[in-house]
Each structure stands twice: as structure tokens, then as C-alpha cells.
Amino acid sequence: VSRTDPSDADLRRVRQLLRWYPARWRRRYGDEFTELLLAEMAEQPSSPRRTANVIGNGLLARLTQAGLTNHELPPGEQVRAGLATVGCTLAAFAALAVAMLAQLATGWQWTSPHSAATTASTLVLTVAFACLVLIGVAAVVPVTWLTARAIVRRDQRLGGPAALAGLTTAVLVVGTRHFENGWPGTGGTGAHHGLVPGGLAAFGWASTLSVSSYWAHPGLLARFPLPEVGWMILSPLAFAGLIAGLALIVRRLELPGALQRYLAALATAAVPAAVAVLAGAASWVLDHGPGQTGLFQPGLVDGTGLAVMSAAVVVALRAVPATLRASRARGDFTSR
Amino acid sequence: VPESSSESAVAHGRANDRAAEHGPLVTFGRYAGPATLILSSLADGAKHGYALTKDIEEFAGVRLAPGTLYEALSRLEGQGLIEAVPSDDRRRPYRLTAAGAQALRVHLADQRRVAEVGLRRLGKTWGSA
């Protein structure tokens, strides 16, 4: 088709549409897709249907890059994408679970739960969460070792993400250690505190101070000490930075086939552990209807947390099968 | 079939029985239709995105929206069924690979069987047109 030079407005519109696609896709197809869109616009300047189609497929390409569609990536890439997605979603899941556990552990310091369901759900939540943490540690240790080795060997692509992960970890640990002194469980009777040691409960509470329904009550929030409010803003940002750093490391690190299979197996094991955590949390939240009071009373933030945790499990469930398949496929080819 | 294409097709696709019996296009879900149209268009030579759109519109009466066209193109390329032709033009052309030609042949033969069954049954019950 012959066409005149595109107008600045058309070029701007095309660039805006391209932003719906992930960077990697734009690098591969961006130029030719721009040409196609300009040719389409020369023929039909305005088309809401075309715009919707590009946006929809751009979002689909983003899901594909995250290893979440049936359009599978090359095996090594699929494994890294799947692991990064499972890691990110389960990290967000774990943060909300920690906030719930911290709330329950504080209540436990002062009194025993007044229902068998809350007692049982706290037990399930705690044991399943401990499994999830062990799985997380088993995954992070070899990845950290490989990352450190790659950096020593001057792999420049890992320097930035590793620095981001290290810095945000330092911020989270130092800040949490500082604010855990204000833990509301301090001074409790301690009669039932055996489930989660006080130090751990305080650490969990301080690290998830930002998971709070006080955000919906600015008047009450304004009465908080300023450093505490600052921590409630800084800590989720640091947590997001840590997750982004780890995800970038997993996406960029050359993972040997055996390690890919090991991490894929850990991701598979993490999902039932997360489901058990979710079951414990749901059992606690559903056990208490509205109107009740007490130290074990879940609030709006717990209900919302439950919904987000459910969504995280669904995403992880979606990512794990393709990750496992790809890790095995890679093993088949590397062993030839 | 180039080795890399066959390896890619096996590794990327879901190696299930349906794909083994009916070819890789059955794993494309709702993009199977666009993918078939693209492969059919490329069967007589390489084309770039806009040329594909116009050709498909002409022979099938379907206008593929740009997002759909490129999603199908990237899936076909990922499975080694088409490949980009080196070009200085920003409108990069694509051509069929041997694996793509075979996949199209299997898929169209399947579709022809379905069409024949439908037409035969229509003829028996409703008479020929």
C-alpha cells in the first residue's frame, strides 16, 4: 500500500498503543507492528474496535511473558517466567499471611481463642506458613549463591537487581528491628504464647504494619507517631523493591537444568502449602461473623487480604504446570 | 524439517495426543482460525503484516485485527511454523517453514473431512443445493 508520511498524531497514538505490550515483545515486533498500525490508520483513521483489540492482545502478551497463558515460551524462558511469577505472587501472599499471623499471635499473648475453630485455624495457618517459609528459604539459598557467583564473574545484568534486593532487604530488616519494640503483645500474660515465639511475632507485626485498615481512617492514622506512619509507607515500597529485584534476578540468571527442575518442584510444593495457609486463614475469618468483638476478631483488612491471597493462589496454580512442563522439556533436551 | 524447528515445535507445544493426531494448530485455542488463515496466505510466498491482512481479507472475507494478527504470528513463529525473512524494510515479511507447511496440510485435511461429512449429511437430509 502506498501512503504518505504518517502524521505526528498517528505516530503518537501508535506509540501509546505499543505501551500495552511488554518491552521484550516491543523489541521483537515493535517496528513492524508500528508499520502495520500506521497502514491500518491510513485506511481507517479511527477504530475503537482496533484499539480494544490491540490493548487486549497487549495485555495477553504481558500475561504470556509472565508464563500465565497457554502460549508457552521457549523452555528456559518459560521456567524463569513461571518461577518469577510464582515467587512474586507467593511473596505477596506471604506478606498478608504474616499480617494475619501477627494479629493472631498478639491475641494469643493476652488470652486463648474463644472458639475451637480459631484455635484450629491458627494452628493450621502457623504450621502451613512454616512449611511455606522453609520452601522459600530452600529456593532463595541456591539462587543467592548463583547470583553472587555470577556477580563475581562480572555478569553486569545482575548487579542492579542484586543491589536493589540487598538494599531493600537491609531497609526491611533494620526498620522492622527498630519498630518491633512497639509490639502490642509485649506485657501479655504469655499463658498461650508457645505457638509463635514472641520475638518472631513482634518481627512479623512490625514488618507488616502497613497492612492495616487505618488507611481507611485518616483521622485516626494522623494520631500515629510520625516515624510509624513513615514506616507504614516505606516498608511496602521496600517490600515491592525486594520482590522486583528477586524477580529480575530469576529472569536474568542462567539457571542450570537441574536447578530449574529443583525450583519448579519447590514451586509445586509451595502451592499446597499456600492452599493450607489460605484454608486456615479462611476458617478463622469465616468463623467470626460481624458484630463480635475480641482479640481474635478479623476485620475488613483480613477479608480483603483473604481475597488477595485467593487470587495469588489462583495465579500460582496457573503458572506452576507450565513451569514444570518446561523444566522437564529442558531436561529432555539438555540430556541428549 | 530443520532440527531447530522440530525441537522447538515439540518443546513449545503441549505434547498431547490431540496435537500428535491433528497437528500443532489444535493447541492454538481461539488463535487456530487466524493461524490457519495466515499459513494459508503464506503458502504462496512471503508477506509482511499488512499484505497478510489484505490477502486474507480477499480470499477469506475476514479482516484480522492487528493485535490478533501479531498474536497469531508470534505463536506460529514460536512453534517454528513460520520464520521472519531477513529484510531492511521495517515491514518484516514472514514465510512458511517446512514444519508449517506440514501443519497446514494436516489441519486443512482435517477441515476437509469435516466439510465433507457436513455436506454429505446435508445432501441426504435436505437435498443438494
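1. Polar contacts first. In this predicted model, the rule picks out 15 residue pairs in polar contact across the interface of chain A and chain B, counting pairs where both residues are at pLDDT 80 or more. On chain A, the elements that give two or more residues to the side touching chain B are α2 (23–43), α3 (48–65) and α11 (300–334). If you want one element to look at, take α2(A): with 13 residues, it provides the largest share of that side.

2. What sort of residues does chain A put against chain B? By class, the side of chain A that touches chain B has 14 nonpolar, five polar and ten charged residues.

3. On the charged theme, seven salt bridges are counted between chain A and chain B. One of them to pull up on screen joins the side chains of Glu43(A) and Lys54(B), at 3.3 Å from N to O.

4. Now the overall extent. There are 29 residues of chain A in contact with 29 residues of chain B. Together the two chains bury about 2700 Å², and carbon and sulfur atoms account for 50% of that. Which three residues of chain A supply more of the area it buries against chain B than any other three? They are Glu32(A), Leu36(A) and His71(A), which supply 20% of it.

5. Back to α2(A), this time for how it packs on chain B. Its partner here is helix α4 (residues 49–60) of chain B; the two axes are 8 Å apart, at an angle of about 50 degrees. An angle between 35 and 65 degrees falls outside the parallel and perpendicular ranges, so α2(A) is oblique to α4(B). From α2(A), the contact uses Leu36(A), Ala39(A), Glu40(A) and Glu43(A), and from α4(B) it uses Gly49(B), Tyr50(B), Thr53(B) and Lys54(B). Sorted by class, these come to three nonpolar, two polar and three charged. Note that Glu43(A) and Lys54(B), the salt-bridge pair from point 3, are both in this contact.

6. One helix pair inside chain B is also worth a look. Helix α3 (residues 32–42) and helix α5 (residues 66–78) of chain B have axes that come within 9 Å and cross at roughly 75 degrees. Crossings of 65 to 115 degrees count as roughly perpendicular, so that is how α3(B) and α5(B) sit to each other. The α3(B) side consists of Pro34(B), Ala35(B), Ile38(B) and Leu39(B), and α5(B) answers with Thr68(B), Leu69(B), Ala72(B), Leu73(B) and Leu76(B). The class split in this contact is eight nonpolar, one polar and no charged residues.

Technical notes:
Residues are numbered from 1 along each chain as its sequence is written. Chains are lettered from A and ligands numbered from 1 in the order in which they are written. This is a predicted model: local features need pLDDT of at least 70, side-chain atom pairs count only at pLDDT 80 or more; totals for chains, interfaces and linings use all residues. Side-chain values use heavy atoms; hydrogens and water are left out. Contact means heavy atoms within 4.5 Å. Buried area is the accessible area (1.4 Å probe) that two parts lose on being put together, summed over both. A salt bridge is a side-chain nitrogen of Lys or Arg within 4 Å of a carboxyl oxygen of Asp or Glu. A polar contact is a pair of N or O atoms within 3.5 Å; within protein, one must be able to donate a hydrogen and the other to accept it, and residues adjacent in sequence count only if both atoms are side-chain atoms. Helices (H or I, at least four residues) and strands (E, at least two) are DSSP runs, numbered from the N terminus. Ala, Val, Leu, Ile, Met, Phe, Trp, Tyr, Cys and Pro count as nonpolar, Asp, Glu, Lys and Arg as charged, and the others, Gly among them, as polar. Axes are lines fitted to C-alpha atoms, for helices over the stretch in contact, and angles run from 0 to 180 degrees between N-to-C directions. Angles under 35 degrees count as roughly parallel, over 145 as roughly antiparallel, 65 to 115 as roughly perpendicular and the rest as oblique.
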